[in-house]
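Biologist: I am new to this structure and would love a close look at a single part of it. Could you walk me through one helix and then show me what lies around it?

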Amino acid sequence: MMLQLSGVHAHYGHIHALRGIDLSVQVGEVVTLIGANGAGKSTLLMSLFGQPRVSAGRITFDGEDITRLPTHIIARRDISLVPEGRRIFPRMTVMENLLMGAVLADPRNLDVDLKRMYALFPILEERLEQRAGTLSGGEQQMLAIARALMARPKLLLLDEPSLGLAPLYIKKIFQTIRELNEDHGMTILLIEQNAHHALRAAHRGYVMQHGQITMTGTGRDLLASAEVRAAYLEGGHAAA
Amino acid sequence: MSSDVAVPLLSVERLTMRFGGLAAIDDLSLDVPPGKITGVIGPNGAGKTTFFNCLTGFYKPTVGSVRLNHPERGVLRLEDLPSHQVAHTAQVVRTFQNIRLFPKMTVLENLIVAQHNVLQKASQFSLAGILGLPSYRRAEAQAVAKAVDWLTRLGLIDKADTAAGDLPYGTQRRIEIARALCVDPLLLCLDEPAAGLNPRESGELNELLLRLVADEGLTILLIEHDMSVVMNVSNHICVLNYGRKIAEGTPKQMQNDPNVIKAYLGEEEADELLYGEKGGESTGVTP
Amino acid sequence: MALALQQLINGLTLGAVYGLIAIGYTMVYGIIGMINFAHGDIYMVSAFIAVTGFTLLAAFGVSSVPFALVVVLIVAVLFTSVYGWAVERLAYRPLRGSTRLAPLISAIGMSIFLQNMVQLTQGARVKPIPPMLTGGIDIYETAEFTVRIAYSQMLIVLVTVGLMIAFSWLITRTSFGRQQRACEQDRTMTALLGINVDRTISLTFMLGAALAAVAGVMVTVYYGVVDFYIGFVAGIKAFTAAVLGGVGSLPGAMLGGLIIGLIEAFWSSYLSAEYKDVATFSILILVLMFRPSGLLGRPEVEKV
Amino acid sequence: MPPLVFANDAPTAAERLKDASGVALIALLLGIPMIGLTTADQGGSLQVLTRWPLLAAFIAASFCGRLVVRYLLDALKRRRQAQDRQAGAAGAKETRRGGRMLESIGWLAFGLALVLPIVFSDNRYVVDTATTVLIYVMLGWGLNVVVGLAGLLDLGHVAFYAVGAYAYALLSTQFGWGFWAALPVAGIIAGVFGLALGWPSLRLRGDYLAIVTLGFGEIIRVVLINWTDFSGGPNGISSIPRPTFFGLPFVPSSDNPTFATYFGLEFSPMHRIIFLYYVILVLSLLTNVLVKRLRKLPIGRAWEAVREDEIACKALGMNVTNAKLSAFALGAMLGGVAGVFFAARQGFISPESFTFNESAIILAIVVLGGMGSQLGVVLASVVLVLLPELGRDFAEYRMLLFGAAMILIMVWRPGGILSHREPTLLLSSEGGRRE
């Protein structure tokens, strides 16, 4: 078991954002978490890093309890996050952003890793010296993914990687996810609103509503399930 | 075709915007017919948002002109107007890719601020307002009525007294559109209004846009990646790549245009990307 | 002519000191995006440490000036950086993530606190120390006037230029520098990349304080007098220098410092000493009117 | 950005001791150069003196203090976390009730302010101090428009205060103007200064504006010190006429009727003190009403909108420059009016009263009070004026404590004492109607 959440509760200000989440990710899996705006998906990913700190429950990674560790220590445990809203460093160059991703990695791998990123996202190589804030939305998204990969994570967490991307890029991103998983054996936890794509790319999926997991199954099963279609078509934020 | 279609509301001529040596927009010409929805699509970084920034006075284009055919004020050259005049005088109003609401103010306040110029005039340098003269009170009541009207039509009325920043993303998108509508736009420029919306919400957005054009006679310029929105509502689509227009035409034409498929939609699965995404209709899974 | 040359030398020296303090401002601004109002007072604290240090060494009979200078520099840098650390820990860290103004107010509070603390513990009177680094090189002589570069002036300019180059390199080229800039732009994200944000910020404050300490020692050597109020004046001047040059830019801070030093020197000797601050601030306002991001600051690209 | 939160389970006794020892070590390092060592002038040259016992006491106090404070903070934090969780959904309702409670506190404060000079009619010190509080309240309310509502960081507010004070001083001593005639004129002069400063500098971003305003404050002060012919230089201007009660002066005896003779009272210096108190009370209440009204008008909403997102304002057709300038000019004008009152009350002004410290205190009042909160300004003024007054007994520690208090209040409530924002208009105007 790579990542395990049991009975996780979290509060965001006054909002009880997570209400008893049980979720697990096995080594080598692509797992997706789907659900509407405001269902608590992003909070779930951030709470893995203690932002916000969970108020009850337990999170283990690779058998180690990481529930109470400081954010930067958790980040040193081979988990990388591509957060909501990309959060690239706008006033740094593309190269510097990539180097920030590699801060904890073995410097000997740097050149190899950079080459890998250029191969994945050729546009980044063209823009190396450009300030990241001047990139377009899609380029920023690619940069955010590349930055996360520079740390050579075992577990990659992606928060809506397709947001604001052109169709061609969305395809490319999901292709990359598949490649990372199949060719490099990377474990991936993926949050998407674009449930169709996400479920097709994933081995297993969870459906989240109002801070709770309401359903789980293989990607194929969920895709076929009437309730899932209803859940992600109807949205889950009505009461928010 | 009626005769007024022949006179475009907005004509962009040979617009070029350079940052340093890089041309973000390169010799772009485009006509926006009144009372229609014109879609602008293209890969990320093709210069779509830069185009909007040039239209709305946030950037001064390096070369070229943007002319608006205002029904009352005649031809206005948008590139010469400061951004607030673009909204105020030319009635070209935009929304933003990264939602720019006034987060601590309530939804209603957001919509009232949008009517600032009207109210400010009615308040006569705040004097009529401070004294609480009836002329001002009437103007304020009208402004509130207008805001309430849009809030009701966009299904936001029960959020009126909530701070805008506390609401979910999809709701904020709608508020931003409602706020823009309170400025009384002739031309509404929407920058990725469907980004971050779930399929049901983007379906609702489609209906809204079509209703605005049909009921209000509004003209809409739309940047969007969500093909389920662009292809279903646009009368006309312009495709940009590297700041240049690579194709222009009806949605159907664009879906089959080899250049567009190559640069934007993707080689093989163009059709699936167009129609198979959000609803999942093409996957063959039956509910 | 001779007078102008002399004022040029004096102005450059003064400017170098302002620049050195301004670098500290700029570095702290560059990491947490706040104006550290107490920075000038940190510099004042170090000047007092220098006075105590020199007096103590003299009492022990140390007569070698270079030796005394090195020892006092090291001691002042060490103690002052602890002050920098403590200021951040007490007054700023608890306010991280709150509004931009909250730390500004606690910084003003800290400045008042430090001034009064020093006044209480060290006394309100001016502290003079005997001249240390005397002598200099006469470079130009006329019948009635001799242009001279004092050794202390040479020392100040050399040390300042050296430190500026070192710190520019640190910030733009090293991993630590990138981490600092990352902290300024997005602290949560920086932590998500595995960087200890608290440690990075603390270290930056200590480095900034160390620079202020160097400035404090230099000024003690140069002027030979210190009082508890010098921090405020120097702080405002250095802050102005940082903004004039463009906050966040180290060479900008240096340039801003030099410009202000030169304005003060020339304005005082040719026009009127009383209005030198008016001149300084007027030029600041003028420059910002035409270059709103300062001389070397990168213009904010308004990403709409 | 949410602050980084770290795991903070109740530490063990050993951890607590270790933590306190760390603090003691820092105290040692901080203390050596400042407490342990000092220099004094002995026989014409400096000598180093040592105070090791004092240093030891300081370290011991730090060690024990840390143990106690840490323990209390931990307990407080646990309790607050538990409360937060329970509060949950009740949050929204609570703020509304909070708004109503604040209103009643406001009326209570008003009532107290009204009767204060009657209760303390023979205590000059109390009425004087209360007058000072009200001056700061008025200054704070003026600056609140600029900083709290429009979000423009102004570190030189004292400049406008000075302009108002000198305008009245000169108008009255040179041209024989009366207080009430000079009041609006001096206010307008200060407002014009505000425009003159605002015009070139408002396109600067926040912190740059701060240094420009600070510089402007210094320019005004330096000019006042040095332009002796105009302002009297460092000696200032004295014998500024005091305000009269509709033409009746507050003097012991005069050929014309005085306040005392007219009302058949025995002369008392307290009459003027109390009169001045009511004058500033009225002035500040007018300010309050004005600002409160403006906030609910288009211009006031424009100020807040500019603070929230300038670019969005432009896209909605708002002239952002005008909105900012009007905030700046109004703030300056109110500062100027406060200055007029100050000059009339003191009867003497000099540049010493208009240093950067004053600007810092006014800004602190706005921020400590809670940005944009009118009642917060009152509370903060009371705290910041009374603190040094209470500290009079340990005169030399007074400013030290003042500085420390500023830090502590900020750390305790980073959003200010009252950080609640009341909407300018509600659809459900009766508050509870829709619930």
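Biologist: Which residues are buried in α3(A)?

Modeller: Happy to help, and please keep in mind that this is a predicted model. In α3(A), the buried residues are A:Val94, A:Met95, A:Glu96, A:Asn97, A:Leu98, A:Leu99, A:Met100 and A:Gly101. Buried here means under 20% relative accessible area. That is 8 of the 8 residues of α3(A), so the helix is largely enclosed by the rest of the structure.

What encloses it? The buried residues of α3(A) pack against elements of two chains: α4 (110–120), α5 (122–126) and α6 of chain A, together with α5 (151–173), α6 (175–185) and α7 of chain C. From here we can follow the path in several directions.

Let us begin just before the helix. The loop between β6 (79–82) and α3 (94–101) of chain A holds A:Arg86. This residue is not a glycine, yet its phi is positive, about 70 degrees. With a relative accessible area of 12%, A:Arg86 is buried. Chain B has a residue that invites a look alongside it: B:Ile99, found in the loop between β6 (92–94) and α3 (107–113) of chain B. B:Ile99 is not a glycine either, and its phi is positive, near 30 degrees. At 13% relative accessibility, B:Ile99 counts as buried.

Another backbone detail of chain A is found at A:Pro52, in the loop between α1 (41–48) and β4 (56–61). The peptide bond that joins A:Gln51 and A:Pro52 is cis, with omega about 5 degrees.

Now back to the partners of α3(A). One of them is α6 of chain A, and this helix, residues 137–149, contains A:Glu139. A:Glu139 has a relative accessibility of 2%, so it counts as buried. Its side chain makes a polar contact with the side chain of A:Arg127, at 2.9 Å. Not counting residues up to four places away in sequence, A:Glu139 touches A:Ile123, A:Leu124 and A:Arg127 in chain A, and B:Asn44 and B:Gly45 in chain B.

The other direction leads into chain C, where α7 is also among the partners of α3(A). In chain C, α7 (187–192) is one of the elements that each supply at least two residues of the side touching chain D. That brings us to the interface of chains C and D.

The contact takes 73 residues from chain C and 61 residues from chain D. The area buried between them is about 5900 Å², and carbon and sulfur atoms give 76% of it. C:Leu101, C:Ile105 and C:Leu120 supply 10% of the area that chain C buries against chain D, more than any other three residues. Between the two chains the count of salt bridges is 0, while 10 residue pairs are found in polar contact, both residues at pLDDT 80 or more. Besides α7, the elements of chain C that each supply at least two residues include α2 (39–59), α3 (65–92), α4 (101–122) and α8 (197–223). The largest share comes from α4(C), with 16 residues. By class, the side of chain C that touches chain D has 46 nonpolar, 17 polar and 10 charged residues.

Of these elements, α2(C) deserves its own visit. This helix has 21 residues and reaches 30 Å from its first C-alpha to its last, close to the 30 Å expected at 1.5 Å a residue. As 18 of the 21 residues of α2(C) are buried, the helix is largely enclosed by the rest of the structure. After α2(C) comes C:Gly61, with a positive phi near 80 degrees.

On the other side, the loop between α1 (2–32) and α2 of chain C holds C:Phe37. C:Phe37 counts as buried, at 7% relative accessibility. Leaving aside its neighbours within four places in sequence, C:Phe37 is in contact with residues of both chains: C:Tyr25, C:Tyr92, C:Leu104, C:Ala107, C:Ile108, C:Ser111 and C:Phe239, along with D:Leu155, D:Leu214 and D:Phe356.

One last stop in chain C is C:Ser249, in the loop between α9 and α10 (250–271). C:Ser249 is buried, with a relative accessible area of 13%. Setting aside neighbours within four places in sequence, C:Ser249 is in contact with C:Thr26 and C:Leu296.

Terms used
Residues are numbered from 1 along each chain as its sequence is written. Chains are lettered from A and ligands numbered from 1 in the order in which they are written. Side-chain values use heavy atoms; hydrogens and water are left out. Contact means heavy atoms within 4.5 Å. Buried area is the accessible area (1.4 Å probe) that two parts lose on being put together, summed over both. A salt bridge is a side-chain nitrogen of Lys or Arg within 4 Å of a carboxyl oxygen of Asp or Glu. A polar contact is a pair of N or O atoms within 3.5 Å; within protein, one must be able to donate a hydrogen and the other to accept it, and residues adjacent in sequence count only if both atoms are side-chain atoms. Helices (H or I, at least four residues) and strands (E, at least two) are DSSP runs, numbered from the N terminus. Ala, Val, Leu, Ile, Met, Phe, Trp, Tyr, Cys and Pro count as nonpolar, Asp, Glu, Lys and Arg as charged, and the others, Gly among them, as polar. The expected span of a helix is 1.5 Å times one less than its number of residues. Buried means under 20% relative accessible area, exposed over 50%, partly exposed in between (1.4 Å probe, protein chains only).
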